[in-house]
Amino acid sequence: EATGYGLVYFVTRMLHDRGTDWKGKTVVVSGSGNVAIYAAEKAQQFGAKVVAVSDSNGYIVDEAGIKVETVKRIKEVERGRIREYADAHSSAKYVEDWQGIWSIPCDIALPSATQNEIDEEAAEKLVANKCIAVAEGANMPSTPEAIKVFQDNGVSFGPAKAANAGGVATSALEMAQNSMRLNWTFDEVDQRLKLIMNAIYDQCTGAAEAYGTKGDLVAGANIAGFLKVARAMLAQGVV
């Protein structure tokens with residue numbers, strides 16, 4: 001759950017900076033693996049309506065709201081294809097075109113499937129449909145051209161190196177538990193994850209502002225990451 005939950009916590013801060021939250025927002029999540037499933041689950045817990053998920057063959061649109069438990073059954077238990085969702089819910093429609101998912105109108109887009117899945121054309125469709133926020137659950141799912149479209153049109157954009165860090169962060173929490181011979185509850189780990197994602201967001205926004213690119217999370221994440229490595233090298237006497 002960690003990467004998907006962490007993604008949603010990161011986007012919560014993005015939305016807060018726009019003066020809004022998840023309540024009543026329409027969300028499209030590409031993919032239907034671990035990241036997508038749990039990003040959809042947490043977004044719905046926060047009051048959003050997730051209307052689409054996908055796999056490598058096509059996508060499901062359910063205007064009544066995606067039933068995450070059905071997706072879990074198909075993908076985690078039966079290891080099936082997302083088209084089977086439409087067999088269980090009459091409100092859903094299956095489209096055999098996985099890239100077409102970005103033509104669906106939404107307030108928030110969470111690309112959580114694969115690299116380079118949002119190109120310039122897809123980004124322009126999201127902008128035309130009044131999308132206000134995009135955050136990467138997959139590794140680099142937006143092309144550089146797509147990112148420029150988002151930034152040029154005032155769409156809040158959360159880059160993968162920051163927005164999907166919840167998975168590796170929680171791996172570190174697991175290592176900490178092992179080292180200390182402790183067993184934290186699910187809720188305690190989840191709260192620690194939330195604190196970590198908030199800290200990452202603060203580092204990104206702080207670095208962006210300090211170096212003249214206020215509000216640019218891409219620049220902020222890159223700068224914060226560079227500074228962390230550079231300071232470690234200085235501390236170790238490498239430079």
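What should the 16 residues of helix α1 (residues 2-17) span at 1.5 Å a residue? They should span 22 Å, and the end C-alpha atoms of α1 sit 23 Å apart, which agrees. The views below come from a predicted model, where local features need pLDDT of at least 70, side-chain atom pairs count only at pLDDT 80 or more, and totals for chains, interfaces and linings use all residues. Residues are numbered from 1 along each chain as its sequence is written, and side-chain values use heavy atoms, with hydrogens and water left out.

**View 1. Helix α1 is mostly covered.**
Helices here are DSSP runs of H or I with at least four residues, strands are runs of E with at least two, and both are numbered from the N terminus. The expected span of a helix is 1.5 Å times one less than its number of residues. Of the 16 residues of α1, 12 are buried (under 20% relative accessible area; exposed is over 50% and partly exposed in between, with a 1.4 Å probe and protein chains only). Among them are Tyr5, Leu7, Val8, Tyr9, Phe10 and Val11, along with Met14 and Leu15. Just after the helix, look for Gly19: its phi is positive, near 80°.

**View 2. Arg13 of α1 reaches Asp202 of α9 through a salt bridge.**
The closest approach here is 2.7 Å, N to O. A salt bridge means a side-chain nitrogen of Lys or Arg within 4 Å of a carboxyl oxygen of Asp or Glu, and the whole structure has 11 of them. This one links distant parts of the chain, since Arg13 sits in α1 and Asp202 in helix α9 (residues 186-210), 189 residues apart. Both partners are partly exposed: Arg13 has a relative accessible area of 21%, and Asp202 has 40%.

**View 3. Helix α2 (residues 34-45) is also mostly covered.**
The 12 residues of α2 should span 16 Å at 1.5 Å a residue, and its end C-alpha atoms are 17 Å apart, so the two agree. Nine of those 12 residues are buried, including Val35, Ile37 and Tyr38, and also the charged-name pair to spot by eye, Glu41 and Lys42. What do the buried residues of α2 pack against? They pack against α1, β1, β2, α3, β5 and α9, with contact meaning heavy atoms within 4.5 Å. Gly47 follows the helix with a positive phi, near 100°.

**View 4. Strand β1 (residues 26-29) runs parallel to strand β2 (residues 49-54) and to strand β5 (residues 108-110).**
Three bridges join β1 to β2, with Thr26 opposite Lys49. Getting from β1 to β2, the chain passes through α2, and this β-α-β crossover is right-handed (with the strands pointing away from the viewer, the path from the first strand over the helix to the second runs clockwise). Three bridges also join β1 to β5, where Leu110 is the bridge partner of Val29. Strands count as paired if DSSP finds at least two bridges between them.

**View 5. Ser112 sits in the loop between β5 and α5 (120-128).**
Is Ser112 buried or exposed? Ser112 is buried, with a relative accessible area of 9%. Leaving aside residues up to four places away in sequence, Ser112 touches Leu7, Val29, Ser30, Gly31, Val35, Ala36, Glu117, Gly137 and Ala138.

**View 6. Asp55 and Lys75 form a buried salt bridge pair.**
Their closest N and O atoms are 3.1 Å apart. Asp55 lies in the loop between β2 and β3 (59-62) and Lys75 in helix α3 (residues 68-77), so the pair ties together parts that are 20 residues apart in sequence. Elsewhere, Glu41, Glu69 and Lys72 are linked in a network of salt bridges.

**View 7. Glu188 and Arg192 pair up within α9.**
Their salt bridge brings the closest N and O atoms to 3.2 Å. Because they are four residues apart in the helix, about one helical turn separates Glu188 and Arg192. Glu188 is partly exposed at 32% relative accessible area, and Arg192 is partly exposed too, at 33%.

**View 8. Cysteines without a disulfide: the structure holds zero.**
A disulfide needs a pair of cysteine sulfur atoms within 2.5 Å. For Cys106, the nearest cysteine sulfur is that of Cys131, 4.4 Å away. For Cys204, the nearest is again that of Cys131, 19 Å away. Cys106 is buried at 3% relative accessible area, and Cys204 is buried at 3% as well.
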